[in-house]
Amino acid sequence: MDKIKLPERATWQDLLKRPTLTYEDLEASARQIFKEVERTGDKAVQKYTQLFDGTRVEATAVSASEIRESAKLVSEELKKAIQTAKANIEKFHTAQKSPQRVVETSPGVRCWMEKRPIQKVGLYIPGGSAPLFSTLLMLAVPASIAGCKEIVVCTPPNAQGKIHPAILFAANLCGVTQIHKVGGMQAIAALTFGTASIPAVYKIFGPGNQFVTVAKQLATQYGVAIDMPAGPSELLVFADELANPRFVASDLLSQAEHGPDSQVILVTTSESLLDQVAVEIDIQLATLPRKSIAEKAMAHSKMILIDGIETALDMINEYGPEHLIIISEDEPFFIDGVQNAGSIFLGNYTPESAGDYASGTNHTLPTNGYTRQYSGVNLDSFQKSITFQRISKEGLMKLGPTIEVMAMNEGLEAHKNAVSYRLEALNNKTKV
């Protein structure tokens, strides 16, 4: 993990560069897979599952018997943990429901907005080296609260062609309607076009590696919406003398172990803390089961010493991290000043792992700097807003002339007539 001290602002762009490939680097592969899935459906899905996951899956759909059997393979301790996390996620996302509010914009003109669920959603659950049943909860719980009718899950199978039982248990707990043993770009393509086995959906959710992220972006070119570009995990920690170096090191490693293309950054005003964290990382890394993965991520991660909290804030907003931990005596300064971050964790006793699993906030967040324009997944992600309006006779009499003038000056005579004929009827007291 490189140590950089007091870098010039002119170097920040290169310093904060992500290790992931660009869309252009992977576009050709994605388009090839999409074309094959569009043309041959399940046959192409099966081909790429065998190629990328090393297993042949004859039928992608998980059966009811497999789901029942999976419950027996999950320990009671894990079941209880999943249920606790689900309850907290439900509580936080249910609180995001907004009451309907009717606004009278002018006398006799009443407008309001109602929300409707997106009827068909696809949830992508990474499964590779770590079965992310937590992601299943993060996506299926708000989808269920929103009232989505079809909730289709795709997740890669293991070498035996099976899905981790905890994922199946969580899916069943959350009311998922279909689960399919397929991952990678081929899963996103299947959810985009539909196959004989996998239904097409209206919107695709979920994080993934850089290949899945590019596939999701390509899906938008075929009329399918996505939650956001959510690729390899990343974390930035700002810490000063208030921070416990052991805690900081553990947070950095917790994201580094996600994958070799993850990135973690420590920004600090304390050279002493920087050195202490470096020592702690070496100690903790030595005993991690996923040491080799974390080491690869740490190779393109950074520890940066800066000259003050104003510089730190500028660097945070420049990077726009997926996850941001603030451990500082100047916490209010950062709370007020951070503009670009997916989810923020405050204080020594708020590990990023809490948001990953069970505090209740959603861990499906924009990465690669997309926090500048995207929010993380929330209840609204699974809903559409429809506006309504009702205008009384009196309301049209008052507002109508304004509409007529505007339509006439845009040269849209039929627009004007749609009002004028009604005003004429009202002025003549014609019954309608």
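Colleague: Let me start with one pair of strands. How many bridges join strand 5 to strand 6?

Modeller: Four bridges join them, and the two strands run parallel. Keep in mind that this is a predicted model. For the register, look at valine 152, which stands opposite glutamine 178 in strand 6.

Colleague: Which sheet do these strands belong to, and what is its strand order?

Modeller: They sit in an open sheet of five strands, ordered 6-5-4-7-8, with parallel pairing. Now find the edges. Strand 6 and strand 8 (225-226) are the edge strands, as each pairs on one side only.

Colleague: What does strand 4 pair with?

Modeller: Take each side in turn. Strand 4 and strand 5 (residues 150-155) pair in the parallel sense over five bridges. In that pairing, leucine 123 stands opposite valine 153. Strand 4 is also joined to strand 7 (residues 203-205) by three bridges, again parallel. There, glycine 122 stands opposite isoleucine 204.

Colleague: Is strand 4 enclosed or open to the outside?

Modeller: Count its buried residues; the cut-off is under 20% relative accessible area. Four of the five residues of strand 4 (residues 120-124) are buried, so the strand is largely enclosed by the rest of the structure.

Colleague: How should I read the two faces of a strand?

Modeller: Side chains in a regular strand alternate between the two faces of the sheet. Strand 9 (residues 234-239) is a case to try. Glu234, Leu236 and Phe238 point one way, while Leu235, Val237 and Ala239 point the other way.

Colleague: Which of those residues are buried?

Modeller: All of them are. Six of the six residues of strand 9 are buried, so this strand is largely enclosed by the rest of the structure.

Colleague: Which strand does strand 9 run alongside?

Modeller: Strand 10 (residues 263-268), in parallel, with six bridges joining the two. Alanine 239 stands opposite threonine 268 in that pairing.

Colleague: Now a helix. How do I work out which residues face the same way?

Modeller: An α-helix has 3.6 residues a turn, so residues three or four places apart point the same way. Then set burial beside the sequence. In helix 8 (residues 184-193), eight of the 10 residues are buried, so the helix is largely enclosed by the rest of the structure. The buried ones are Met185, Gln186, Ala187, Ile188, Ala189, Ala190, Leu191 and Thr192.

Colleague: What covers the buried residues of helix 8?

Modeller: Helices and strands both contribute. The cover includes helix 2 (23-40), helix 3 (42-53) and helix 9 (210-219). It also includes strand 4, strand 5 and strand 7.

Colleague: What follows helix 8?

Modeller: Glycine 194 does, and its phi is positive, near 80°.

Colleague: On to charges. How many salt bridges does the structure hold?

Modeller: It holds 14. For each pair, check the distance, the accessibility and the place in the sequence. Glutamate 66 forms a salt bridge with lysine 181, with the closest N and O atoms 2.9 Å apart. Glutamate 66 lies in helix 4 (residues 64-73) and lysine 181 in strand 6 (residues 178-181), so the pair ties together parts 115 residues apart in sequence.

Colleague: Are the two partners buried or exposed?

Modeller: They fall in separate classes. Glutamate 66 is partly exposed, with a relative accessible area of 24%. Lysine 181 counts as buried, at 9% relative accessibility.

Colleague: Which residue does arginine 56 bridge to?

Modeller: Glutamate 58, with the closest N and O atoms 2.9 Å apart. Arginine 56 counts as partly exposed, at 45% relative accessibility. Glutamate 58 counts as exposed, at 62%. Another salt bridge links glutamate 114 with arginine 116, where the closest N and O atoms are 3.0 Å apart. Arginine 116 is partly exposed, at 33% relative accessibility.

Colleague: And charge over the whole chain: how many side chains of each sign are there?

Modeller: There are 42 positive and 48 negative side chains, and the centres of the two sets lie 12 Å apart.

Colleague: Finish with the global picture. What is the secondary structure, and what are the spans?

Modeller: The chain has 17 helices and 14 strands. Its C-alpha trace spans about 90 × 60 × 45 Å along the principal axes. Of its 432 residues, 50% count as buried. The accessible surface comes to about 20900 Å², and 52% of that belongs to carbon and sulfur atoms.

Colleague: What share of the contacts join residues at least 24 apart?

Modeller: Take contacts between residues at least 6 apart in sequence; 75% of these join residues at least 24 apart.

Technical notes:
Residues numbered from 1 in each chain as written. Predicted model: local features only at pLDDT ≥ 70, side-chain atom pairs only at ≥ 80, totals over all residues. Heavy atoms only, no water. Buried < 20%, exposed > 50% of the residue type's maximum accessible area, 1.4 Å probe, protein only. Contact = heavy atoms within 4.5 Å. Areas by Shrake-Rupley, 256 points an atom, 1.4 Å probe, with all protein chains shown as cover. Lys, Arg positive; Asp, Glu negative; His and termini not counted. Charge placed at Lys NZ, Arg CZ, Asp CG, Glu CD. Salt bridge = Lys/Arg side-chain N within 4 Å of Asp/Glu carboxyl O. Pairing = 2+ DSSP bridges.
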